[in-house]
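Biologist: I've got a chain to go through with you. Mind if I throw some questions at you while we look?

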Amino acid sequence: MKKKKRPTIRDVAALAGVSVATVSRYLNGKTNKMTTATAAKIKEAIAKLQYIPNPAAREMSHNKSMIVVIVVANVADYFSTEIFKGASRKLEAAGYVPVLLDSGADQSHEKRILNSVNIHGFDGLLFQPLTSDTALIQSELTRHFPVVILDRELKRSPWPQVVTDNYQAASNATQHFVDEGFKHVVVLSSTIKQASTRQERYQGIVDSANDVSVVEIDENHFDREQVYHQLVSLLKQKQKTMLFSLKERWLLEFLPRLMQDGLINQESTRVTGFADTSLIKAICPYAQVISQNPSYMGERAAEVLLKMLKGESREIDDIVIKATFADNKQ
């Protein structure tokens, strides 16, 4: 059976009785110099032929793809998916198609993703990198196009950044519990040195408390039982302790079992950390967490990128969004 030929822009023009250039202007939204009757004929011809524009050809004519890539650190984290949702709302409203790529907390995979970004026709990039090494990112992201960094504060960054006040938020929460007598802090975190956010949060904690223990987790290679027993050993110490997770994922991973085993109680422990869902409060009603509003961060990052895509090349300041600390009175 002979395969049916796909209709072309020339077929549309012939059926509508207009030139190919006129159809092209219609497809590109340039109808201000076109009569209503002409536009209606083209629309009718497109519908009758079931014509679908060739996106590659349109990209070549515009030098634009109208696609923005959003690369996140790990879609297993609620924070990363909410960044994408917030950014998508703004980008779609402006006519762009957002595409989500996931580094999966794996730097070698992130490098492969950036190599792909370099050679494909994306108009811009929203990037939540795994590393805080500006030089390393520059060496891997070689394409020159609009880029906005999310959730990482890079030193000497050539790109605008949207971040949280990580240091101050962690310091304020720690001081709150220290003032209540919970002077021993157990920090639960992914590898701290890998990301600026964790470094800043950790520094805020150690600057506000004198007794700090750390349980670090390699996101791609860790033994749950080993981590759990580390936590048990630290929480069993005979003193008031706060469990401070630098990432919500680890509270969701270990808090239910810690509570079930009686290692978390309102008299001797406090639970806090950076968390943006209601799940932690559902697990531990007296937990007091720090929220960053990642959806809003995604929106603001998209707004910055859209300005850059419009050619607004003037200096764009970094945006710092204050995190909120929810105490039990709220």
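Modeller: Sure. Helices here are DSSP runs of H or I with at least four residues, and strands are E runs of at least two, numbered from the N terminus. Keep in mind that this is a predicted model.

Biologist: OK, so how many helices and strands does the chain have?

Modeller: Going by those runs, both kinds of element turn up in the chain. The secondary structure comes to 13 helices and twelve strands.

Biologist: Is the chain spread out or a compact globule, and what is its radius of gyration?

Modeller: For 330 residues the globule rule gives 20 Å, and the chain is well over that, so it is more spread out than a compact globule. The C-alpha box, taken along the principal axes, is roughly 85 × 45 × 40 Å. As for the radius of gyration, the value is 26 Å.

Biologist: How far apart are the C-alpha atoms of Ala-14 and Thr-174?

Modeller: Ala-14 sits in helix α1, residues 9-16, and is exposed, at 62% relative accessible area. Thr-174 is 160 residues away along the chain. The separation between their C-alpha atoms is 72 Å.

Biologist: What share of contacts between residues at least 6 apart in sequence joins residues at least 24 apart?

Modeller: A contact here means heavy atoms within 4.5 Å. Counting those between residues at least 6 apart, the share that joins residues at least 24 apart is 69%.

Biologist: Let's zoom in on strand β9. Which of its residues are buried on each side?

Modeller: Buried means under 20% relative accessible area, and five of the five residues in β9 (269-273) pass that test. In a regular strand, side chains alternate between the two faces of the sheet. Both faces of β9 are covered: one side has Thr-269, Val-271 and Gly-273, and the other has Arg-270 and Thr-272.

Biologist: And which residue in β9 is the bridge partner of Met-242?

Modeller: Strand β8, residues 241-245, runs parallel to β9, and five bridges join the two. Met-242 has its bridge partner in β9, and that partner is Arg-270.

Biologist: Last one: which elements do the buried residues of α9 pack against?

Modeller: Helix α9 covers residues 196-206, and its buried residues include Ser-196, Arg-198, Glu-200 and Ile-205. The buried residues of α9 pack against one helix, α8 (166-179), plus the strands β6 (184-190), β7 (211-217) and β8.

Technical notes
Residues numbered from 1 in each chain as written. Predicted model: local features only at pLDDT ≥ 70, side-chain atom pairs only at ≥ 80, totals over all residues. Heavy atoms only, no water. Rg over C-alpha atoms; globule rule 2.2 N^0.38 Å. Buried < 20%, exposed > 50% of the residue type's maximum accessible area, 1.4 Å probe, protein only. Pairing = 2+ DSSP bridges.
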